[in-house]
Every structure is written in structure tokens, then in C-alpha cells.
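Hi,

Here is the structure I promised to pass on to you. Have a look at it first, and then read on for what turned up.

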Amino acid sequence: MNRIEIPDIGLSADIPASYSEMTRPQVYYVMQQLHALSLAKISLAEFRVRVLYYLAGVKRTARSIAWERLHPAEARRRAEKVVILAEELLGFLFTTDRDGMKPVFDTIINHLPVLHVGATHLIGPGDGMIDISFGELIAADADLALCSTTKDERHIDNMIARLYRRPGPMQPCGRRVRPFKMEETERYARLIRRLPGWQKQLIMYWYAACIDNLQHGYFFVSGREVTFEPLFSHEESVGESLGWLTVQFDLAEKNIFGGIDGVAEANIIDVLTLLLNYKQTADHVRKLKTDH
């Protein structure tokens, strides 16, 4: 948290320094403003001021608006201070690369665990997306790739429909939802299309943060701390060099989780742990051959 004080406007508050420090309502508000910014409905400066005021709990009143009209010069100086402060405090919301400035989302907490579409409730993955199945990941990843290629946002609806489903019995991957069936994607996608744009945007940002965490984060498996980063190195990327479907067929052939359907239903952490074990064993054998 960052403590700020601006005597000119009587402002004294703690401002989150990351998404992880935000409350759920704060995350929702920031996403709504980011969506408005992406549609060019507000400027970047207006976005920053709105977010700063909201996070600081500052509300414009009829009295403050009247004061601004009576003292335009002083109000302008005050606004300039607020804009500068907003740029300093809210820098964590964006990053800059060769393509310009892009939003950053850095938490794996699922702030939309349940989607309410009319009378229908759709249950999403838990924090970090560590309770999804291998089949769900393959399907969602394929939809994201299609959206990137075609720019057709219907693939985003399909991707979300792979992850969010009606409540149901406990699945092998650890979620209480109805079984994942590819043929039901369109039915769920029709519901997803009714969601506000900012909610879809939040799910997209969260999904990307979870994938990054799966690739580079640390997990406790059977009491041991492990990272799956070796599986996603540029030199040897399981997902890119072999293709996830190839991995699924290979594991099905080994019959570790059962056939094709069994592998698809397996928990993503269990699958990655097995793949990491295969890689470490292969690397060890390769090293022994090299040493001799």
C-alpha cells in the first residue's frame, strides 16, 4: 500500500500498489474504467484520475463542483497535481514495450468465481486455475490462439465457455461442475455473449496471469516445491514443440491416467508434474551418456 496525503483537497488515504492488494469491488471498478479506455470513451488522464479518486475514496459532491466553478485557476492547479500523483501511483497498471503501453494484471485470484447470466450461474476455476483439467486447458488455449489469428471475439466467448460451466458433481480435476464436453461449448458461449465487456476482459487478463504462473511460478507437490518452467523454456517447450494434443495422445498411450478421455479429465498440475518427471529423467539419462 502507498500512503498519500494532499492537504489541498483534504485527501489522506492508502492506495493499493498492485492488483493483489485491491478488494474485489476495486478490481471491478478498475476493469470497468480500463474497458471504457479501450473503447476510447475516456482519455488516459481521465482514467487515472477516476481510478485514483475511487481507490482513495474521494467522491465529487455538488459543493466541490461549485467550488471548482468559483475558483477555476486554483481548481486547475489542483487537477494538475492529482494527474501527476495518479501517474506516479498507478504506474503498476501498465507496462511499455515496442508496441506502446499495455495494461498489466498481476494477480491469480479469480475475482469472478461465479458468472451470473440471468437466472443461470456458471462456476469458474479456482485461484490460479490449478483445478482445471488438461482437456479444458487445451481447448481454452486453442480458442485464444484462434482469436489472436482471426481477431474474431466469438472465440473469446468460446474460451470462457470452456472454463465456466453449471454446477455439478466433483470432477477428476477437482471442480464441482458439469463434465466438460466440447459439443456443449456453443450453448454456454451463447450465455457468455451476454456478459458485460469488462467482465470478459477481466477473465482474459486473469487467464493470462494464471498461464504465466503455471509456466514460471512455484507449487508444492507432495510436500516439495517445484516449478514447471523447464517445460516451457524457449529451447524445449512441450506446449509449442510437441503440441498439447500430441502430449495428450502420448499420455493416453502410456495409460497413466487412462485413455484419451482420462487424460483430458486429469488435473493440469498432475499432468505437468508427470511431464516434468519425464523431462528430468530424460535429462539425467542424457547427462549420464554424455559423461561416459
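Let me start with the aromatic rings: there are 7 aromatic pairs in this predicted model. One of them joins Tyr19 and Phe92, whose ring centres are 6.2 Å apart and whose planes stand at 85 degrees, an edge-to-face arrangement. Tyr19 sits in the loop between strand E2 (11–15) and helix H1 (24–38), while Phe92 is in the loop between helix H4 (72–89) and strand E3 (94–97), so this pair ties together parts that are 73 residues apart in sequence. Both partners are covered: Tyr19 is buried at 1% relative accessibility, and Phe92 is buried too, at 18%, given that buried means under 20%.

Another pair brings together Phe219 and Phe228. Their planes make an angle of 35 degrees, with 5.5 Å between the ring centres, so this pair counts as tilted. Phe219 and Phe228 are both buried.

If you are still looking at Tyr19 and Phe92, add Phe105 and Tyr205 to your view: these four residues make up one aromatic cluster.

Next, the helices. Which residues of helix H7 (residues 185–192) are buried? They are Thr185, Tyr188, Ala189, Leu191 and Ile192. Looking down the axis of H7, you will find these buried residues within an arc of 155 degrees, so they line one face of the helix. As a reminder, an α-helix has 3.6 residues a turn, so residues three or four places apart point the same way. The buried residues of H7 pack against strands E5 (114–117) and E6 (120–123), and also against helices H6 (154–163) and H8 (197–216).

Helix H6 is worth a look as well. Of its 10 residues, 9 are buried, so H6 is largely enclosed by the rest of the structure. The buried residues include nonpolar names such as Ile156, Met159, Ile160 and Leu163, but His155, Asp157, Asn158 and Arg162 are on the list too, along with Ala161. What do the buried residues of H6 pack against? Their partners are E5, E6, helix H5 (134–150), H7 and H8.

Finally, turn to the surface. Leu245, Phe249 and Ile260 form a nonpolar patch there, and together they have about 290 Å² of accessible area. To find this patch, go to helix H9 (residues 238–254), where Leu245 is located.

Enjoy exploring, and write back with any questions.

Best wishes

Key. Residues are numbered from 1 along each chain as its sequence is written. This is a predicted model: local features need pLDDT of at least 70, side-chain atom pairs count only at pLDDT 80 or more; totals for chains, interfaces and linings use all residues. Side-chain values use heavy atoms; hydrogens and water are left out. Patches are made of residues with over 30% relative accessible area and no salt bridge: like charges are joined within 9 Å, nonpolar side chains (Val, Leu, Ile, Met, Phe, Trp, Tyr) within 5 Å. Accessible areas come from the Shrake-Rupley method with a 1.4 Å probe; for residues, only the protein chains shown count as cover. A salt bridge is a side-chain nitrogen of Lys or Arg within 4 Å of a carboxyl oxygen of Asp or Glu. Helices (H or I, at least four residues) and strands (E, at least two) are DSSP runs, numbered from the N terminus. Buried means under 20% relative accessible area, exposed over 50%, partly exposed in between (1.4 Å probe, protein chains only). The arc is that of the directions from the helix axis to the C-beta atoms. Contact means heavy atoms within 4.5 Å. Rings of Phe, Tyr and Trp (its six-membered ring) pair if their centres lie within 6.5 Å; planes under 30 degrees apart count as stacked, over 60 as edge-to-face and the rest as tilted.
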